[in-house]
Amino acid sequence: MPVTGPDFISLQARDLAASQAFYQRYLGLVRSPAGPPHAVVFATTPIAFALRDVVPGTDLASAARPGIGAAIWLHATDVQAIHDALVTDGHTIVSAPVDGPFGRTFTFADPDGYHVTLHDRA
């Protein structure tokens with residue numbers, strides 16, 4: 001059978017609790033009761049999004065930027081408010097908000113340096 005599409009996205013986090021707190025505070029994500037002890041799975045749809053402990057043998061600290069070459073886009077209902085909260089608290093904005101084919105869009109760096117793009121057009 002052919003692959004039908006993405007079904008799960010997971011980012012490795014150096015400090016799982018800190019990353020969980022970041023995504024809950026700024027993106028409003030809610031932890032799902034499902035998931036293994038080494039990960040935090042959020043209740044996102046249509047694709048599950050999770051954070052997990054760093055896989056043994058992976059050195060995120062030595063990477064120029066984790067996830068380079070991959071694009072992580074998440075839909076949000078109030079992109080500008082999330083942007084403003086991140087800026088107020090001194091978090092890195094990689095690209096400022098613009099209005100385009102995906103609605104209001106901007107990119108930020110999460111606590112581990114992953115670049116995550118938010119957009120508001122479904």
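**A walk from the sheet to its two helices**

Let's begin with one pair of residues: S95 has T107, in strand 6, as its bridge partner. This is a predicted model, and that pair is a handy place to enter it. Strand 6 covers residues 103-109, and its pairing with strand 5 is antiparallel, with 5 bridges.

Now step back to the sheet around them. It is an open sheet of 4 strands with mixed pairing, and the order to trace on your screen is 4-7-6-5. At the edges you will find strand 4 (72-75) and strand 5 (93-100), each of which pairs on one side only. Going from one strand to the next, the twist averages 20°.

Next, the helices. Helix 1 lies across strand 4, strand 6 and strand 7 (115-119), and its direction makes an angle of about 155° with strand 6. Helix 2 lies across strand 5, strand 6 and strand 7, running at about 25° to strand 6. Strand 6 is thus a useful reference for following both helices.

How do helix 1 and helix 2 pack, and at what angle? Helix 1 (residues 16-27) packs with helix 2 (residues 79-88) at about 125°, and their axes are 9 Å apart. Because of that angle, helix 1 counts as oblique to helix 2. To see where they touch, look for F22, Y26 and L27 on helix 1, which meet I82, A85 and L86 on helix 2. Sorted by class, this contact has 6 nonpolar residues, with no polar and no charged ones.

Key: Residues are numbered from 1 along each chain as its sequence is written. This is a predicted model: local features need pLDDT of at least 70, side-chain atom pairs count only at pLDDT 80 or more; totals for chains, interfaces and linings use all residues. Side-chain values use heavy atoms; hydrogens and water are left out. Axes are lines fitted to C-alpha atoms, for helices over the stretch in contact, and angles run from 0 to 180 degrees between N-to-C directions. Helices (H or I, at least four residues) and strands (E, at least two) are DSSP runs, numbered from the N terminus. Angles under 35 degrees count as roughly parallel, over 145 as roughly antiparallel, 65 to 115 as roughly perpendicular and the rest as oblique. Contact means heavy atoms within 4.5 Å. Ala, Val, Leu, Ile, Met, Phe, Trp, Tyr, Cys and Pro count as nonpolar, Asp, Glu, Lys and Arg as charged, and the others, Gly among them, as polar. Two strands pair if DSSP finds at least two bridges between them.
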